[in-house]
Each structure stands twice: as structure tokens, then as C-alpha cells.
Amino acid sequence: HRRAACAIPRPGAELTRLPVATDADIARAIDAARRAFPGWAGTAPRKRAAILHRAAALVRARTDELSRLMALELGKPVAQGPAEVARAAELFEWHA
């Protein structure tokens, strides 16, 4: 698979290299989502909510790491990261 640079806002700097999805990769992902949906839809609401709350907890547990990554990738002040991470966690909880 081809990989593309994930650049940071500093000339010549690269954070990492990420795989580039092909049309076939995208088609497989869509097919997998279609196959998985009936199982998710058939999952009891309380269990789905528990999964989403767990996702929120995992995001919150990595606040410092995610904040640093956002600062590197986007060039934002690290101090803005925790609020953005909290908002992402809140979105999981909202949908729970």
C-alpha cells in the first residue's frame, strides 16, 4: 500500500506516514459496515450505550496524548487540546 506523509506545520517536518486507501479498500470498508449494521442495530440499547460510554472514557483517558498530537498536526496551542478532546468524548456520550 502507498503511504502519504502526515505533515506538521513546520517546513520539512513530518509527523508520520499514513496508508492511502484505494477504491478497493473503500469498497471493502463500506461492505463491512453494511454487514455489521444489523448486529449493531440488534444490540440492546443499554449495551450500545455502555459501548459508547466506554469509548468516551477511552478518549478522555488519552487527553494529554491527543492534545499533543493535535498541537503537532494542526499547529494549535496544546492548551486548546483538552477542550477539544472533551468535546469528542461528549459526542460519544450524547449518542449513547
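**Exercise 1.** In this predicted model, decide whether F37 is buried or exposed, and find which residues form a nonpolar patch on the surface with F37.

*Solution.* Begin with the relative accessible area of F37, which is 54%. Since exposed means over 50%, F37 therefore counts as exposed. Next, place the residue in the chain: F37 is found in helix α1, which covers residues 23-41. Finally, look at its partners on the surface, where F37 forms a nonpolar patch with W40 and I51, the accessible area of the three together being about 300 Å².

**Exercise 2.** Work out which residues make up the largest nonpolar core, and which helices each supply at least two residues of this core.

*Solution.* The largest nonpolar core has 5 residues in all, namely A56, V59, M70, V85 and A89. At least two residues of this core come from each of α2 (45-61) and α4 (81-95). Take A56 as a starting point: leaving aside its neighbours within four places in sequence, A56 is in contact with A89, F92 and E93.

**Exercise 3.** Of the salt bridges in the structure, take the one between R60 and E93 and explain why the pair ties together parts that are apart in sequence.

*Solution.* The structure holds 6 salt bridges, and in the one between R60 and E93 the closest N and O atoms are 2.7 Å apart. R60 lies in helix α2 and E93 in helix α4, so the pair ties together parts that are 33 residues apart in sequence. As to accessibility, R60 counts as partly exposed at 35%, and E93 counts as partly exposed at 30%.

How values were computed. Residues numbered from 1 in each chain as written. Predicted model: local features only at pLDDT ≥ 70, side-chain atom pairs only at ≥ 80, totals over all residues. Heavy atoms only, no water. Patch = residues over 30% accessible without salt bridge, like charges linked within 9 Å, V, L, I, M, F, W, Y side chains within 5 Å. Areas by Shrake-Rupley, 256 points an atom, 1.4 Å probe, with all protein chains shown as cover. Salt bridge = Lys/Arg side-chain N within 4 Å of Asp/Glu carboxyl O. Helix = DSSP H or I, 4+ residues; strand = E, 2+ residues; numbered from the N terminus. Buried < 20%, exposed > 50% of the residue type's maximum accessible area, 1.4 Å probe, protein only. Core = buried A, V, L, I, M, F, W, Y, C linked by side-chain atoms within 4.5 Å. Contact = heavy atoms within 4.5 Å.
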